[in-house]
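User: Please take a close look at a single part of this structure and describe how it connects to its surroundings. One continuous answer will do.

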Amino acid sequence: MILLLVFDRIIRVNSYILRNEMKAVVKISGKQYLVSEKESLLVDLLPEGTKELTLDALLVIDGDKIKVGTPTVKGSSVKAKVVEAEVKGDKLRVIRYKSKKRVHKETGHRQKYTKIEITSIK
């Protein structure tokens, strides 16, 4: 197991990740994601009208070669396209209740996401 320190976070790179496929760590709207090509993932809602993204890679894993950026890896980029502009997440129920006090309040929350697909890592 190899441990890498990236922006005060430890990312564990197990042997199953170190295959022949290329992986990268990217930062999208303040969160870091470990992505590979042709992978789709849900990210926080992007601005309206966004069709494609070009992201800088913070870390690139290519088989046994690992490149760590300071803060980004020079000459590498990750391209992604938007599959669905708005996807609703699961509904959360928030309940405030106090026994014997007639206090009972229920609210709900449903997060909105954007579904993207990673097209290439260079």
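Analyst: The part chosen here is the hairpin of β8 and β9, and the description moves from the hairpin to its neighbours.

The model is predicted, and local features are reported only at pLDDT of at least 70, side-chain atom pairs only at pLDDT 80 or more, while totals for chains, interfaces and linings use all residues. Residues are numbered from 1 along each chain as its sequence is written, and side-chain values use heavy atoms, with hydrogens and water left out.

First, the setting. The protein chain has nine strands and zero helices, and its pattern along the sequence reads β-β-β-β-β-β-β-β-β. Strands here are DSSP runs of E with at least two residues, helices are runs of H or I with at least four, and both are numbered from the N terminus. Of the 122 residues in the protein chain, 31% are buried. Buried means under 20% relative accessible area, exposed means over 50%, and partly exposed lies in between, with a 1.4 Å probe and protein chains only. The areas come from the Shrake-Rupley method with that 1.4 Å probe, and for residues only the protein chains shown count as cover.

Now the hairpin. Strand β8 covers residues 77–98 and β9 covers 103–121. The two run antiparallel and are joined by 16 bridges; strands are said to pair if DSSP finds at least two bridges between them. Two of the bridge partners can be named: Glu-84 is matched with Lys-115 in β9, and Tyr-97 is matched with His-104 in β9. Four residues separate β8 from β9 in the hairpin.

Lys-100 belongs to the loop between these strands, and in the turn Lys-100 has a positive phi of about 65°. Is Lys-100 buried or exposed? With a relative accessible area of 81%, Lys-100 counts as exposed. Lys-100 is also a member of a patch of positive charge on the surface, together with Arg-96, Lys-98, Lys-101 and Lys-105. Such a patch takes residues with over 30% relative accessible area and no salt bridge, joining like charges within 9 Å, or nonpolar side chains (Val, Leu, Ile, Met, Phe, Trp, Tyr) within 5 Å. Lys and Arg count as positive and Asp and Glu as negative, whereas His and the chain ends are not counted. The charge is placed at NZ of Lys, CZ of Arg, CG of Asp or CD of Glu.

The hairpin strands also carry a salt bridge between Arg-93 and Glu-106, whose closest N and O atoms are 2.6 Å apart. Because Arg-93 sits in strand β8 and Glu-106 in strand β9, this pair ties together parts 13 residues apart in sequence. Glu-106 is partly exposed, at 41% relative accessibility. A salt bridge is a side-chain nitrogen of Lys or Arg within 4 Å of a carboxyl oxygen of Asp or Glu. Side chains of opposite charge can pair when their charged atoms come close. The search of the whole structure finds four salt bridges.

Each hairpin strand has a further antiparallel partner. On the β8 side, strand β6 (residues 52–62) is joined to β8 by five bridges, and Thr-54 stands opposite Lys-79 in β8. Strand β6 also holds Val-60, which is buried because its relative accessible area is 6%. The C-alpha atom of Val-60 is 10.0 Å from that of Ser-36, 24 residues away along the chain.

On the β9 side, strand β5 (residues 40–44) pairs with β9 over five bridges in the antiparallel sense. Leu-42 faces Lys-115 in β9, and Lys-115 is also the bridge partner of Glu-84. From β5 the contacts go on to another strand through the salt bridge of Lys-31 with Asp-44, whose closest N and O atoms are 3.3 Å apart. This pair links distant parts of the chain, with Lys-31 in strand β4 (residues 31–36) and Asp-44 in strand β5, 13 residues apart. Lys-31 is partly exposed at 40% relative accessibility, whereas Asp-44 is buried at 18%.

Another of the salt bridges joins Glu-21 to Lys-23, with the closest N and O atoms 3.3 Å apart. Glu-21 is partly exposed, at 33% relative accessible area, but Lys-23 is buried, at 12%.
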